[in-house]
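Here are my notes on the two-chain model you sent over. I've kept them as numbered points so you can go through them with the viewer open.

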Amino acid sequence: MSITNFWAGVPQGPPDPILGVTDAFKKDTAKNKVNLGVGAYRDEQGKPYVLESVLQAEDILHKKKLDKEYLPITGEIEFVRLSAELAYGKDSKPLTENRIAVAQSISGTGALRIATEFLAKYYPGPKSVYLPDPTWGNHIPLVEGTGMKVVRYRYFDKKTIGLDFAGMKEDLEKAEPGSIILLHACAQNPSGIDPTKEQWKEINEVIKSKKHLALFDMAYQGFASGDLIGDAFAPRYFVEQGHQIILCQSFAKNLGLYGERAGTFSMVCSSPEEKERVLSQVKRVIRPLYSSPPLHGAQLVATILGTPELFEQWLKEVKKMADRIISMREKLYNALVELKTPGEWGHIKSQIGMFSFTGMTADQVSDLAEYAHVYLTKDGRISMAGLNEGNIQYFAESMSKAVKGELKPKSSL
Amino acid sequence: MLTASARLALSRPAFTPSTFCARRAVSAWAKVPAGPPDPILGVTEKFKADKSPKKINLGVGAYRDGNGKPYVLPTVLKAEEIVFNAKLDKEYLPITGLASFTKLAAELAYGKDSKPLVEDRLAITQSISGTGALRIGTAFLARFYPGAKAIYLPAPTWGNHIPIAKDSGLEVKQYKYFNKETVGLDFEGMKADIKAAPEGSIIMLHACAHNPTGIDPTEAQWKELSEIVKEKKHFPFFDMAYQGFASGDILKDAFAVRYFVEQGHQLLLSQSFAKNMGLYGERVGAVSFVCADKEEKARVDSQLKIIVRPLYSNPPVHGARLVSTILSSPELYDEWLVEVKGMADRIIAMRSKLYDTLVRLDTPGEWGHIKSQIGMFSYTGLKPEQVDALAEKAHVYLTRDGRISMAGLNDSNVEYFAESVSKAVKGTL
């Protein structure tokens, strides 16, 4: 018999809109079920894919029999150094001038958390973060959880299924000067719609003129186009243009290291002295979060990035993953057109990265789960990586039926 | 109608990088103050910078073997082999972590037959070691605790407890714990403060091997504390970072937690595998809540996920697989118990040696507490000035509160350390 009843008032929370989809998928016993919910790459057989370069790195590490001592608060030194080079480019001015503050983080989410906690404490400007509409769902509690306000800027144009560039620029212009603007570096999640290089240049001008702070979320470097350097164009361009960007980097997708939680948080500072001051406070954000970051993933990344043969191999593997997704986009488009699915589907081919915003409604998504055992998030986003030769026809057919309203079994009254 | 000059004045100037930088003359971070080095981890930084061959690091609480080297447990090496050969994938874990890990972690802490486990009413999530567990626990309390959002910490406590609680949004209060004069537990003061706290206060308790003092309540004292906590309807929050490491016996070290559960307290437990499995950098831990029933557990579980998701989405897989491998294999589990005892025994032996040496050197003061204290740390009673002198003159590093990590001592350096302490106390360094 317990003396007290502390948690009687704790309400049941809703399932995570993304991770909850996988839960529902797991419960489904249908043989032909398809999971297009969470953004984890799948190979041609629909299986999780551990990169060969990662397996080799595991081998190397296993033989080294390293100890398991605590990492420094800001993480594994080689990992941090090599990750920053990958993101910014080895010759990036702030890097060579030793004025980028970098800390290992618990993958991309952890980097964003360090960012929002740091900004909430130290940003001298307005404590509101502008997020594109739509954005990755978790961005919102990441901001609000630290007491900052979320403001949305227009991004996705429902009518064109493309970028609402005029709306985006207008909203960034309207924002209070010195606002924090979150930008997806490439392969926007969930829409798959990225600004062109020319558009990035214009966005840079607006942000400059309003003295905004550019916060880049780069979860897909290499994964978007298959080209690591190409995918980093936006943050690198901004850095060249003199912005003191904040950058959140993840190795979950491009190195397939999902559960190892490898990532970095970095801030371009104005001098090495400022960088040291900033790092001293970044440590004070990290220490009460989790003291120091996990070893294993960082050691794998450092091994791959630091070994030329493995690095070259990795470049090929990233391209392979990106290429498979691009070919699935082609196939899906062709299948939908062949099935005479009502609507325009060109966006499936033009969108970039792991996800596609299909344009399906919440009801259609619901029907797909219930009647076709096809799982995606309510906003109509599909993870292209979940498609393969074995299921793409079935998916296209199901989606076609959903759009035509033919999924629900007709009631027999 | 605008004049040409007015039009010019109003038009936007061209933005070249140099104009931009000139306009952006003041960096957003210009006013960020330099933070002080971490009082614990900063000691290791200073130690690393010291070139003396005699240097000793008694700062951070990481176990060292008899040769002063980091120690990867043989069972951990075996588990690494098993996990490596299994060639598992690297998919995301669920938000609350590896299910086999959390199940076994709960059994280790509470005991397989513990009522909340048998009745399936323990909400548990994997965490980024002990710190992560504490962060999740305090964040949950800040959001859902029905009473005052304040936590009572013992004086002294692990330094990081304070910013963890504050960053989670809890107010920090203290209760008496360490008696400077006796270098022992101020039990009367502790009881009085806990009794005086408003009804339904959150009380943090170190389950065993109190950090930094090494002073634990006796079993009889824990029983008294349970009564007071019951009477005041307080909420007990246990931090258990040293199960097995304190006495060498995992059951004995979990006495307080298990006793409180038996007595019906709905406690919150933070658990770490950093020390007892030597998994430090792998960051393996768990945070658990004893709930009233299965339905409540489901509610609490759903809210834990909502807290964890914007912290780091889901926890790291590697360390959890190692722990799960060890705890689920009867042979590895038994081997591990022997290894934990080995570590605890070596520390107890060092305590004895240090005490004997200090006495032999006629070091002024009472040193019995070094032998009676428990776990990795000893509160020597050294003053900050003496600690500074030890660093500067003797290349001996410890935290400024006088805490030493016993694990950093071994047969090769305990004599030199004792001599240095003796000189520091005598003022002859």
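1. First, a term we need for the interface: a salt bridge here is a side-chain nitrogen of Lys or Arg within 4 Å of a carboxyl oxygen of Asp or Glu. Keep in mind that this is a predicted model. By that rule, 10 salt bridges cross the interface of chain A and chain B, while the structure holds 47 over all chains.

2. One of the cross-chain pairs is worth a click. E80(B) forms a salt bridge with K68(A), and their closest N and O atoms are 2.4 Å apart. In general, side chains of opposite charge can pair when their charged atoms come close.

3. Now the interface as a whole. It puts 90 residues of chain A in contact with 90 residues of chain B. About 7,600 Å² is buried between the two chains, and carbon and sulfur atoms give 58% of that. Which residues of chain A lose the most area to chain B? They are W7(A), K68(A) and Y70(A), which together make up 13% of what that side buries. So much for area; K68(A) is also the partner of E80(B) in the salt bridge from point 2.

4. Polar contacts add to the picture: the rule finds 41 residue pairs across the interface of chain A and chain B, both residues being at pLDDT 80 or more. On the side of chain A that touches chain B, the elements giving two or more residues include α2 (52-64), α5 (107-122), β10 (262-268) and α12 (295-306) of chain A. The top contributor is α11(A), with 11 residues. Sorted by class, that side has 42 nonpolar, 25 polar and 23 charged residues.

5. On to the sheet of chain A. This is an open sheet of seven strands with mixed pairing, in the order β2-β10-β9-β8-β7-β3-β4. At its edges are β2 (100-106) and β4 (149-154) of chain A, each pairing on one side only. Neighbouring strands are turned by 25° against each other on average, direction ignored.

6. For a look inside that sheet, try β7 (residues 180-184) and β8 (residues 213-218) of chain A, which run parallel and are joined by five bridges. Within this pair, I181(A) stands opposite A214(A). Two helices that pack on the sheet deserve a mention. Helix α3 (residues 77-88) of chain A touches β2, β8, β9 (246-250) and β10 of chain A, and its direction makes about 70° with that of β10(A). Helix α10 (residues 233-240) of chain A touches β7, β8, β9 and β10 of chain A, with its direction at about 155° to that of β8(A).

7. Chain B has an open sheet of seven strands too, in the order β2-β10-β9-β8-β7-β3-β4 with mixed pairing. Why is one side of β2 and of β4 of chain B left without a neighbour in the sheet? Because β2 (122-128) and β4 (171-176) of chain B stand at the edges, each with a single partner strand. The twist averages 25° from one strand to the next.

8. In the chain B sheet, β3 (residues 150-155) runs parallel to β4(B), with six bridges joining them. Y152(B) stands opposite K173(B) in β4(B). Helix α13 (residues 294-312) of chain B packs on the sheet and touches β2 and β10 (284-290) of chain B; its direction makes about 15° with that of β2(B).

9. A few backbone spots to check in chain A. A cis peptide bond joins D133(A) and P134(A), with omega at about 5°, and P134(A) lies in the loop between β3 (128-133) and α6 of chain A. Another cis peptide bond joins N189(A) and P190(A), where omega is about 20°; P190(A) sits in the loop between β7 and α8 of chain A. Then there is S291(A), whose phi is near 70°, a positive value in a residue other than glycine. S291(A) lies in the loop between α11 and α12 of chain A.

10. Last, a salt bridge within chain A: E170(A) pairs with R154(A), the closest N and O atoms being 3.2 Å apart. E170(A) lies in helix α7 (residues 165-174) of chain A and R154(A) in strand β4 of chain A, so the pair ties together parts that are 16 residues apart in sequence.

Terms used
Residues numbered from 1 in each chain as written. Chains lettered and ligands numbered in written order. Heavy atoms only, no water. Contact = heavy atoms within 4.5 Å. Buried area = accessible area lost by both parts, 1.4 Å probe. Polar contact = N/O pair within 3.5 Å; in protein donor to acceptor, adjacent residues only side chain to side chain. Helix = DSSP H or I, 4+ residues; strand = E, 2+ residues; numbered from the N terminus. Nonpolar A, V, L, I, M, F, W, Y, C, P; charged D, E, K, R; others polar. Pairing = 2+ DSSP bridges. Axes fitted to C-alpha atoms, helices over the stretch in contact; angles between N-to-C directions.
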